[in-house]
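New to this one? Here's a quick tour, so pull up the view and follow along.

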Amino acid sequence: MHDLRSMECRVFGTRTQAERELAVEVAELVRVRPDAVLGLATGNTPTGLYRELARMHRDEGLDFASVRTFNLDEYCGLTPDHPRAFRRWMREHFFDPAGIPAANTGFPDVGENVGAPGASDRIDPCADFERAIRDAGGIDLLVLGIGRNGHVAFNEPGSERASRTRRVELHPWTRADAAAAFGGLDRVPTHAITMGIATILEARRLRVLAFGPEKRALVARTLAATADPDWPASQLHGHPDLRLLVDRSAAG
Ligand code: GLP
């Protein structure tokens, strides 16, 4: 049985300090292992980390050319170039400014709405994604944020600790939070493909970021709960190298 309270929480005076700390850790990993495998989140939370890593690439010659990446999730039903597709967001916010070749970046293939009724006469892209991660040697360091309902990636409440990459229905809060970006709730996809909790737990290092007062209750519940499927972030407890990096306002 896993140890249930093993989440190291580091509190920083400012968000920038936390981002810098994690950027330095990622940079050290990449310098030691130029072909390191990174797991990456989208959302507002990791933007400063990506900006700092891109700055290190530009100003300090940090070389990402051989790094491989796997993103946590992707919306179903969007083309890769859709303005809200995570693949496009990552290209604009991180891959291009940090010099990461598109060929080195992995996303769940949502092309045919895998898992949807009547759409399964081809190789399962969820299994493909898991295999690609394994073939790369597994994820060395994975960056996560926490959603309003405690989700990590798109593992919504009810997600099991043993869950793997799969097609999921998005929670109403998750869709509501994305409505402004999509220009209306009815334009927000109803489904996504996400790494499962078990997939995430296989990464060698997990780094969870949370900033701002709106994350305070989320951080408290993540630290207090123990493997509660209704609070997916709490399912990360027990990972041997798990760290939460928060600013003072998120720490309460
Ligand atoms: C999104 C993503 C998550 C992200 C979370 C929090 O829906 N799928 O990976 O961590 O919501 O988003 P934000 O960082 O914008 O608060």
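Let's start with the ligand: in this predicted model, its surroundings are made up of T42, G43, N44, T45, D73, G145, I146, H151, A153, F154 and K215. Sorted by character, that shell has six polar residues, three nonpolar ones and two charged ones. As for where the ligand has settled, it's in the largest pocket.

**Polar contacts to the ligand**

- T45 reaches the ligand with its side chain: an N or O atom there is 2.5 Å from a ligand oxygen.
- K215 also uses its side chain, with an N or O atom 2.7 Å from an oxygen atom of the ligand.
- N44 joins in through its backbone, where a polar atom is 2.9 Å from an oxygen of the ligand.
- How much of the ligand does the protein bury? On its own the ligand would expose 400 Å², and the protein buries 82% of that.

**The sheet**

- Now for the strands: seven of them form an open sheet with parallel pairing.
- Reading across the sheet, the strand order is 1-10-9-6-2-3-5.
- The edges belong to strand 1 (8–12) and strand 5 (105–106), each of which pairs on one side only.

**A look at strand 1 and its partner**

- Strand 1 lines up with strand 10 (residues 242–247) in the parallel sense, and five bridges connect the pair.
- Which residue of strand 10 is the bridge partner of F12? That's D247.

Key:
Residues numbered from 1 in each chain as written. Predicted model: local features only at pLDDT ≥ 70, side-chain atom pairs only at ≥ 80, totals over all residues. Heavy atoms only, no water. Near = heavy atom within 4 Å. Polar contact = N/O pair within 3.5 Å; in protein donor to acceptor, adjacent residues only side chain to side chain. Areas by Shrake-Rupley, 256 points an atom, 1.4 Å probe, with all protein chains shown as cover. 1 Å grid on protein atoms, 1.4 Å probe; cavity = no way out; pocket = protein on both sides within 12 Å on 5 of 7 lines; lining within 4 Å. Sits in = over half its atoms within 2 Å of the grid points. Nonpolar A, V, L, I, M, F, W, Y, C, P; charged D, E, K, R; others polar. Pairing = 2+ DSSP bridges. Helix = DSSP H or I, 4+ residues; strand = E, 2+ residues; numbered from the N terminus.
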